[in-house]
Amino acid sequence: MARNLRLLGFLALIYASLSISGAAVIRPINEAHQSAALELFVPINGSFGSLEETYEALKTFQILGVEKGAEISHATCPVVVEKLGSSLSTSKDLFHALRVNSILGCQIDSRTFEDVASKLQALIKDANSLLDFHYAVGGLLYIKDQGINVILSDADGTFHSIKALSQSDGRWRYDSNSAESSTYAAGIALETIAGVVSLADRKLDQSKIGIVKNDIVKLFDSIKSYDDGTLYFDEKHVDASEYKGPLSTSASVVRGVTAFATVASGRLNIPSDKMLGLAKFFLSIGIPGSTKDLFNQIESLSCLKNNRVSIPLILSLPSTVLSLTSKDQLKVEVTTVFGSAAPPLTVSLVQAFHSDSKDTPVLENQELQFDSENTIHYLDIIPLKLDVGKYTLIFEISLHDPENVNTYATGGRTSLMSFVTGSIKIDKAEIGILESGAGGSETLQKLDLSRDSTLSLSANHLQKLRLSFQLITPLGHNFKPHQVFLKLRHETNVEHIFVMESSARQFKITLDFLGFVERFYYLSGKYKIELTVGDAAMENSFLRALGHIELDLPEPPEKAAHPPPQPVDPYLRFGPKQEISHIFRAPEKRPPKELSLAFLALTLLPFVGFLIGLMRLGVNLKGFPSSTVPAAFSMLFHAGIAAVLSLYVLFWLKLDLFTTLKALGFLGVLLVFVGHRTLSYHASTTAKLKSS
Amino acid sequence: MIPVHLHFEEIEKKLRMAKSTSSDAQMLIRSLRTAYAATPTNLKIIDLYVVYAIVTAVIQVVYMGVVGSFPFNSFLSGVLSCVGTAVLAVCLRIQVNKENKEFKDLPPERAYADFILCNLVLHLVIMNFLG
């Protein structure tokens, strides 16, 4: 139960923190992006890798105002020169080389540029895929920037070829063979068409420009949105091979649309909210973690900064937490995406809602004052009598110059979240032990909750503990914090947590120990009392130790639950383990040596008796053969038997079975042979005696 | 009243019967002895050998009874060695006895060779089991 309460409190905290940042906090580009760029784009041996990556790095640094050209021109310029001079370079290589050169400014003579230009013009005539057009036209644009006079001879034809690849929903195909259309390709196509228009020798037909404008409007119809008002482009089908992700796709479209808007006469029919939504999308990413993402973000925002459709103005709060104690002012910043100054405007707080009452606004129509030194709009909130809590603030921007309305995208009403924090006063805190049953005498003592106390209470299971206090905001209202917990901890570290209920006027809890006897696992003894009061809007959240209570609970019955085992210090398992005492089998009792020796002698006695008996019977060796050969055989026979018996003795003493069997086999064969000879001789002599 | 002399007669009769039973037993033993003396010497040797083996076995059992059967395998091998060799000797006696019609055609040397061989095998096993 205690664990469930702890989990609940934790979940409440998580929910509270999530609801604050339901939208990502949007702030304009600042030095953090600069340092991120320096960290991500690290040159290895003086170069950033391929020419494409080099361009991404250089462009990002150029936009953020970091000077990096000198460092890497030494290693990269030779590559650029080589690519531009080589006849094997494809249009892609030339395009990237020219791009890098436009930033680095390598020493290349105009003859090389003219050669490359004529090569690219020839490539355009043969091109049939979108990317071929893109590289060639883009390359020619960069050459034109170098001062070489470049004119696209067949601008109409090129335009038609590119336009032929477009689809009815505003997307483009990569070439006539591919079936799938892509939003990313649309961005590339628009950029290429803009290049064609600016390279053409005479102005293109206005109807053609009008068709492209319609395509752009259709493309913007497919824009997607997140809940917090950010807008982005994504592909219709997530195809694994060609899929580039919303950031790359949106960046490509922004590049294309802003490039086209620059060269097209007349206005593009795109609502300013969509440009603002795109700008918010790029800013809501924060600081990307990869080089490509950072390049896409920075480059798109720089395209949006000065675009001819509408320039987004970002309204943001430098700090979302306002403290009543330190008399903070509500500060609002309105800047371009890169943090530079906006045109003259006024910010007004249209409505402010407290999280408790989402329907009735607490404030309405407050105009913010402008501090021109810090370019910040501010509002004093102390005279507004705002209480602590979470607020949803709705702002509106009104531009001073009516002509700017079409140039800038202010986004109508912007909704932002903010916290107002303050110091909560704790009043009328009382604690005491009551007798159970109504009408018990109340001996409550006053408690000072601004610091730890050292109370010493004692109670048995028939009594109740009562604690009550009031929480008052700086404006004098009752305050309901997220966490009001009372914790009782036993000496054995078993904890019990209780949530305090709040009535209209105060927080109180009455712990009736009779009902909690089983929950406390019948553990009597000293319990430490701790009170926790906390909230996000409360500047003086606290965890106070209130003292001890000596609880006298009855004895546990037999089937009572045991308290949960407390966690053991995890490092204890690296200490020495318990000593194991092995139990050995007790050795058998052996008889005393003398007794054994006595019986040994006794066992040998019958043998002596046997020999004596043999002598009494008159045993003799008369039957022993007298002639030599049979005698020898008989001797061998008896010797063989003696040898086998002594082999057995040796076997018992020290040999093992295998050697014994080997020797026995040898001796046995011998014995059998000899024995046969002896016994057959003996048998024949006996037979002779019988017959005679 | 029982007459005393009748009582006496009964007692005398009982004593005479006891005397005759004891004298009967004595006569039985005497006849056994004389019959035994008639057996050939080789059979007497074998009988002596059997008695020797059994006595050794009895002594071993008494020892075990005194000290407990701790190395039981040793006890078993010792007792079985004696009993086994006694059994083999009895077999030898049966085969060698001339009055035994069943083994008339078996030469005694052959029986003796069997006796030796079986004893050797028995004692190999005994030595292995002695431990």
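Here are some short exercises, with worked solutions, on a predicted model that has a chain A and a chain B.

**Exercise 1. Describe the make-up of chain A.**

Solution.
- Start with the secondary structure: chain A has 17 helices and 25 strands.
- Next, look at burial. Of the 692 residues in chain A, 43% are buried.
- Then turn to contacts between residues at least 6 apart in the sequence of chain A: 70% of them join residues at least 24 apart.
- Finish with the surface. Chain A has an accessible surface of about 37,700 Å², and carbon and sulfur atoms account for 56% of that area.

**Exercise 2. Do the same for chain B.**

Solution.
- Chain B contains four helices and zero strands, so reading from the N terminus, its elements follow the order α-α-α-α, with a helix meaning a DSSP run of H or I.
- Buried residues come to 26% of the 131 residues in chain B.
- For contacts in chain B with a separation of 6 or more, 67% are between residues 24 or more positions apart.
- The exposed area of chain B is about 9,000 Å², with 70% supplied by carbon and sulfur atoms.

**Exercise 3. Work out how helix 3 and helix 4 of chain B are arranged.**

Solution.
- A helix pair is described by the angle between the two axes and the distance between them.
- Helix 3 of chain B covers residues 72-96 and helix 4 of chain B covers residues 108-130; their axes are 10 Å apart, at an angle of about 175 degrees.
- An angle over 145 degrees counts as roughly antiparallel, so helix 3 of chain B is roughly antiparallel to helix 4 of chain B.
- Now sort the residues where helix 3 of chain B meets helix 4 of chain B: 15 are nonpolar, nine are polar and none is charged.

**Exercise 4. Classify two aromatic pairs and say what each one links.**

Solution.
- Over all chains, the structure holds 26 aromatic pairs.
- Take A:Tyr55 and A:Phe295. Their ring centres are 6.0 Å apart and their planes meet at 75 degrees, so this pair is edge-to-face.
- Locate both residues: A:Tyr55 is in helix 3 (residues 51-64) of chain A and A:Phe295 in helix 13 (residues 291-305) of chain A, so the pair links parts of the chain 240 residues apart, each helix being a DSSP run.
- Both A:Tyr55 and A:Phe295 are buried.
- Now take A:Phe599 and B:Tyr63, whose centres are 4.8 Å apart with 45 degrees between the planes, a tilted pair.
- A:Phe599 belongs to helix 15 (residues 593-617) of chain A and B:Tyr63 to helix 2 (residues 41-67) of chain B, so this pair joins two chains.
- Check the burial of each partner, using under 20% relative accessible area as the cut-off for buried. At 12%, A:Phe599 is buried, while B:Tyr63, at 22%, is partly exposed.

**Exercise 5. Which residues do ring pairs link into a cluster?**

Solution.
- The cluster is made up of A:Phe498, A:Phe513, A:Phe516, A:Phe520 and A:Tyr527.

**Exercise 6. Explore the surroundings of A:Pro563.**

Solution.
- A:Pro563 sits in the loop between strand 25 (542-552) and helix 15 of chain A.
- With a relative accessible area of 29%, A:Pro563 is partly exposed.
- Leaving out residues up to four places away in sequence, A:Pro563 touches A:Val494, A:Tyr521 and A:Leu523.
- Compare sequence with space: A:Pro563 and A:Tyr522 are 41 residues apart in sequence, and their C-alpha atoms are 8.8 Å apart.

Note on methods: Residues numbered from 1 in each chain as written. Chains lettered and ligands numbered in written order. Predicted model: local features only at pLDDT ≥ 70, side-chain atom pairs only at ≥ 80, totals over all residues. Heavy atoms only, no water. Buried < 20%, exposed > 50% of the residue type's maximum accessible area, 1.4 Å probe, protein only. Contact = heavy atoms within 4.5 Å. Areas by Shrake-Rupley, 256 points an atom, 1.4 Å probe, with all protein chains shown as cover. Axes fitted to C-alpha atoms, helices over the stretch in contact; angles between N-to-C directions. Parallel < 35°, antiparallel > 145°, perpendicular 65-115°, else oblique. Nonpolar A, V, L, I, M, F, W, Y, C, P; charged D, E, K, R; others polar. Phe/Tyr/Trp six-rings, centres within 6.5 Å; stacked < 30°, edge-to-face > 60°.
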